[in-house]
Amino acid sequence: MNDGLEQLQPARRETLSDQVHEALCEMLLSGALKPRDRLSLRDLAERLDVSMMPVREAVSRLAASGALNVSPKRAVQVPLMTAAEFADLTEVRMLNEGQAARRAALAASEAEIAGILRLAEQFERVLDRSYGSAEAVAANKDLHFALYRASGSEALIQVIRMLWLKAGPIINYDIGVRAGVPAEEGLTRSRTHHSREHHRQLCQALLAHDGAAAAHAIAEDIRVASEMIRAHAADEMDEGRRRILI
């Protein structure tokens with residue numbers, strides 16, 4: 001008898017801690033948690049309607065990966081970044097998400113491409129009626145992750161998801177309304193223009209099965225958005241800590 005097989009443990013079922021971890025990840029990805037938010041473990045437990053233990057375990061996992069900070073007083077906060085840290089994160093996103101787009105253009109099925117095109121159209125409709133809304137944030141995330149799933153690379157998706165856990169709150173806060181104050185009209189038009197244009201370029205590349213063009217479109221989408229975020233954040237720097245207050 002195979003001794004190795006005897007030592008195997010039964011497959012681990014999803015625990016309540018896993019469910020809380022997934023819920024917190026979605027809050028980070030969707031913009032429900034923002035860079036200025038500061039919550040106690042008890043606040044999170046009440047919001048998720050669970051006990052403190054699974055929240056503590058899930059938060060510890062996210063803190064270990066750098067997606068959350070926990071203060072000595074057990075307050076939970078989305079980490080703030082320096083401009084240099086955000087630029088570094090942007091470069092890594094461009095490389096990985098560009099590669100996922102490249103693979104998707106070459107390997108995606110017609111059904112997957114059609115689904116991505118529908119999500120791109122949905123994103124434009126949302127921008128037309130409610131730029132800065134939670135719906136716009138969700139539409140952008142849905143489009144990007146449909147593209148990345150179409151790459152067929154589970155390893156890439158896992159890497160990209162971790163990058164988005166760090167970048168997502170800042171990206172989504174930028175798409176949304178800063179501290180309840182609508183963005184200037186000209187700045188809003190500029191942001192929506194570049195998002196539309198790069199997404200359209202991406203869709204054309206997918207239809208043509210052009211991997212290089214797809215990688216370029218998604219990398220440019222990330223790069224231009226990052227430059228706009230950093231430019232706007234320059235006026236909102238905490239002089240004491242030199243952290244982006246986006």
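**View A. Arg-223 and its salt bridge in helix 10 of the predicted model****.** At 28% relative accessibility, Arg-223 counts as partly exposed. Arg-223 forms a salt bridge with Glu-227. Their closest N and O atoms are 2.8 Å apart. Glu-227 also counts as partly exposed, at 39% relative accessibility. Both residues belong to helix 10 (residues 211–233). They are 4 residues apart there, so about one helical turn separates them.

**View B. A network of salt bridges****.** Salt bridges with shared partners join four residues into one network: Glu-124, Asp-128, Arg-196 and Arg-200. The structure as a whole holds 11 salt bridges.

**View C. The salt bridge between Arg-196 and Glu-124****.** The closest N and O atoms of this pair lie 3.2 Å apart. Arg-196 sits in helix 9 (residues 185–207), and Glu-124 sits in helix 6 (residues 110–130). The pair therefore ties together parts that are 72 residues apart in sequence. Arg-196 is buried, at 15% relative accessibility. Glu-124 is buried too, at 17%.

**View D. The salt bridge between Arg-196 and Asp-128****.** Here the closest N and O atoms are 2.6 Å apart. This pair links distant parts of the chain, with Arg-196 in helix 9 and Asp-128 in helix 6. The two residues are 68 residues apart. Asp-128 is exposed, with a relative accessible area of 59%. Its partner Arg-196 counts as buried, at 15%.

Definitions and conventions
Residues are numbered from 1 along each chain as its sequence is written. This is a predicted model: local features need pLDDT of at least 70, side-chain atom pairs count only at pLDDT 80 or more; totals for chains, interfaces and linings use all residues. Side-chain values use heavy atoms; hydrogens and water are left out. A salt bridge is a side-chain nitrogen of Lys or Arg within 4 Å of a carboxyl oxygen of Asp or Glu. Buried means under 20% relative accessible area, exposed over 50%, partly exposed in between (1.4 Å probe, protein chains only).
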